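Reader: I am new to this structure and would like to learn how to read its features one at a time. Could you take me through them slowly?

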Amino acid sequence: AKDAQKDGTFQLIEGDVKTYEDVRRAMSDDVTFVFHLAAMSKVRPTLDVTKEDMVGFCVATNVLGTEHVLRAVRARDAALAQKAKDDGSEPRKVRVVYAGSSTYYGNQPTPFDEERTHLRTTTTPYATTKAQGEDLMRLYYTMYDVQAVVARLFMVYGPGEPTEGEHSAVTGRFFDAASRGRALEIEGDGAQFRDFIHVEDAARGLILASLAPEAPGRTVNIGSGVSVTVRELA
């Protein structure tokens, strides 16, 4: 990353998605694609009832932060439109991809349907506010023609994932235990299941969502399509 910054192919801008000016500053003159992954992430940390501000923090980060991203994209679209008008070039718009969550489906019976949003069930502050972020994406697409795409990620795993603490998932804990020669600890009977997708495939899915001509205004699932129980994973 340091080398890329030196030759101008990468720029790191430190800021907070909850601060609009930080987001707007990051949306520089040469930005044409935006991947919105900033969030209060994971279900478990948001269920700590001893943290009285957790719901408010999730709203500020996942809802207000998403509105900041969309507002900055809209401002960037306006600047691009003005530039095209001034120099007579073909107008273009920014494509913004929102990293949604499979928790959007809650505890609905299968099969899931990406477009039937009225069936949504929200069970945690994380799931609720990530779903509200999706609502904002669709609203900006409908009202302002922002080229917004929702990509719902399932259980992402891979190198560098947390192996302990409230942000760790079963894959990280299992891989860490196995590498140390320790027993794999299964909660319950291990019959609980998830759709696991490797981080490289998830990244590839996000990129494809940013390039597909028919994607704006749509919701896509990014998963393996295969159900794996915790026992099978072990």
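Reader: In what order do the four strands of the open sheet come, and is the pairing parallel or antiparallel?

Author: As a general idea, the strands of a sheet pair through backbone hydrogen bonds, and they may do so in a parallel or an antiparallel way. In this model, which is predicted, the open sheet has the order E1-E2-E3-E7, and its pairing is parallel. Strand E1 (33–36) and strand E7 (219–222) are the edge strands, each of them pairing on one side only, while the twist from one strand to the next averages 25 degrees.

Reader: How many bridges join strand E3 to E7?

Author: Strand E3, residues 147–153, is joined to E7 by four bridges, and the two run parallel; within this pairing, Val 150 stands opposite Thr 219 of E7.

Reader: Which strands does helix H6 touch, and which does helix H4 lie across?

Author: Helix H6 (residues 199–211) packs on the sheet and touches E1, E2, E3 and E7, with its direction at about 140 degrees to that of E2. Helix H4 (residues 125–144) lies across E2 (95–101), E3 and E7, and runs at about 155 degrees to E2.

Reader: Is Thr 129, in helix H4, buried or exposed?

Author: Buried means under 20% relative accessible area, and Thr 129 therefore counts as buried, because its relative accessibility is 3%. Leaving aside neighbours within four places in sequence, Thr 129 is in contact with Cys 58, Val 59, Asn 62, Val 63 and Tyr 98, and its side chain reaches the backbone oxygen of Tyr 126 at 3.3 Å.

Note on methods. Residues are numbered from 1 along each chain as its sequence is written. This is a predicted model: local features need pLDDT of at least 70, side-chain atom pairs count only at pLDDT 80 or more; totals for chains, interfaces and linings use all residues. Side-chain values use heavy atoms; hydrogens and water are left out. Two strands pair if DSSP finds at least two bridges between them. Axes are lines fitted to C-alpha atoms, for helices over the stretch in contact, and angles run from 0 to 180 degrees between N-to-C directions. Contact means heavy atoms within 4.5 Å. Buried means under 20% relative accessible area, exposed over 50%, partly exposed in between (1.4 Å probe, protein chains only). A polar contact is a pair of N or O atoms within 3.5 Å; within protein, one must be able to donate a hydrogen and the other to accept it, and residues adjacent in sequence count only if both atoms are side-chain atoms.
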